[in-house]
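User: I am new to this structure. Please take a close look at one part, the nonpolar core and the helices that pack there.

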Amino acid sequence: MKRRQFLKAASLATGGLAISPYILPSGRLFAKTMSRKVNHVVFCLFAGGVRNIEALAQAEGNLMPAFQPGTASTIPGLDPIPASPLSSPLSHLGTLYPEFRYAEGPTGHFNGHTVAITGQYTSTGLNLRTNPDFPTIFEYYLKHNSPTVTSKNAWWVSNSLGPYPALNYSKHPGYGPLFGANHIAPTSLLNGQTYPVIGTPKHFQFHEEEMIGNIRGFLNDQFARKAPASASGNVNTSEDAEEIRTFIAELFQKGVNGGFNNPMGVPNQFASNDIFTLTFAEDIIQKFQPELLVVNMTDVDACHQDYTSYCNNLRKADYAVSHLWNTIQQTPGMADDTVLIMVPEHGRNLLPNTVSDAYGRLGIDHTGDPTSREIFCAIIGPDGVVNQHQSVGSASQPIGESIDVVPTIAHILGFDIHIPAGMLPGRVLTEALA
């Protein structure tokens with residue numbers, strides 16, 4: 001459901017402490033993580049299939065004016081959107097890998113997302129109904145970060161449902177649902193149909209919660225096959241669960257009160273699902289200051305049949321990311337303590353297909369030709385943590401691959417040393433880090 005439809009329907013410290021090991025409740029021994037670059041990472045999958053030709057080479061004029069300098073595109077069919085809230089192009093606030101590569105495997109959206117979130121290339125024939133074979137970045141973080149943290153620190157915010165909830169956790173032995181993040185697909189969860197069901201949750205007193213737990217236990221005991229609490233995904237503590245329930249209710253109420261009208265200052269008639277999705281990601285950032293948040297955008301995938309919408313949505317995605325970074329810098333606890341990584345899941349073919357849009361422009365697919373493997377990666381962060389205004393790699397000497405993002409996040413948050421050797425084939429993108 002389009003976000004606009006929802007809106008209508010709803011109208012709804014530690015200085016001086018020695019580094020010492022401590023024992024987790026499980027009995028495992030860990031050295032306390034003390035090598036973090038920052039305390040927060042936001043990983044934005046600038047997804048849907050973005051070609052470097054339009055994104056960086058500016059073949060249609062600059063469709064990403066918030067990200068990079070250049071003469072703004074004036075092609076017909078573009079909607080008006082606000083100017084970037086940033087005083088400098090986003091690419092100047094960190095390191096750009098203009099010739100990143102999605103080097104192996106099918107150039108499908110789910111494949112690309114899987115590679116980016118697991119740090120492992122996938123083979124052909126992915127079953128979209130199952131979780132990945134290899135652990136996700138959420139599982140690595142929630143299992144290996146030290147000291148341990150709750151799932152409230154890890155969020156997966158997807159533009160839509162489809163297969164994407166499956167990327168929350170893997171089937172890998174030793175990992176799995178207990179280490180999954182909190183997942184939300186706001187454009188599917190928050191709408192007029194779900195509001196009566198989960199938009200006005202009842203808050204129980206302690207004795208009522210206890211009674212409900214007893215009833216649940218009694219009922220579970222009546223069946224021969226019991227489902228573990230983890231079967232539906234991660235398990236929040238009762239306090240965290242209550243806080244999340246309240247947060248979801250607040251989002252619904254915000255929608256009812258018109259709080260999602262003109263998201264990010266974009267009139268509703270021009271706002272894309274990507275803009276709405278990142279608006280909700282900003283709410284999570286302001287509410288929870290998560291240590292790890294992954295969010296994706298996919299609206300540029302209109303390119304198969306509507307090249308003009310692809311260009312239009314690319315501009316909106318560009319603006320949304322600049323607004324997201326501006327919000328991070330205005331959020332106490334995350335300002336100057338966050339690294340933002342943005343990367344498409346894959347690119348698009350060099351040659352167009354035969355589908356013409358209203359302006360006579362031909363669509364472009366992504367079927368695995370060399371151009372569809374050419375993407376970019378930007379690592380944005382505080383000066384002194386991330387090298388500023390730097391570009392590394394060239395067409396003749398590409399630097400960086402999709403599988404490098406997961407180990408880079410683990411390194412930035414300081415838990416890479418706890419991941420068993422051999423689990424991740426990629427490398428840390430050290431060129432970007434000061």
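Analyst: What follows looks at the core, then at one pair of helices. The model is a predicted one.

Start with the largest nonpolar core. This core holds 58 residues, and Phe46, Met342 and Phe376 touch the most other members. Several elements give two or more residues to this core. The strands are E3 (40–46), E5 (154–157), E7 (292–297), E8 (338–343) and E9 (374–380). The helices are H8 (238–256), H9 (273–288) and H10 (307–329). H10 gives the largest share, 11 residues.

Now zoom in on Phe46. Setting aside neighbours within four places in sequence, Phe46 is in contact with Met342 and Phe376. Its other contacts are Met64, Met297, Leu314, Ala317, Asp318, Val321, Val343 and Pro344.

There is also a second, separate core. This second core has 52 residues, including Tyr102, Phe138, Ile403 and Leu413.

Back to two helices of the largest core, H8 and H9. Their axes lie 12 Å apart, at an angle of about 135°. H8 and H9 are therefore oblique to each other. The crossing of H8 past H9 is right-handed. H8 makes the contact through Glu243, Ile244, Phe247, Glu250, Leu251 and Lys254. H9 brings Phe280, Asp283, Ile284, Lys287 and Phe288. What kinds of residue make up the contact of H8 with H9? Six are nonpolar and five are charged, with no polar ones.

How values were computed
Residues numbered from 1 in each chain as written. Predicted model: local features only at pLDDT ≥ 70, side-chain atom pairs only at ≥ 80, totals over all residues. Heavy atoms only, no water. Core = buried A, V, L, I, M, F, W, Y, C linked by side-chain atoms within 4.5 Å. Buried < 20%, exposed > 50% of the residue type's maximum accessible area, 1.4 Å probe, protein only. Helix = DSSP H or I, 4+ residues; strand = E, 2+ residues; numbered from the N terminus. Contact = heavy atoms within 4.5 Å. Axes fitted to C-alpha atoms, helices over the stretch in contact; angles between N-to-C directions. Parallel < 35°, antiparallel > 145°, perpendicular 65-115°, else oblique. Left-handed = near helix turned anticlockwise from the far one by under 90°. Nonpolar A, V, L, I, M, F, W, Y, C, P; charged D, E, K, R; others polar.
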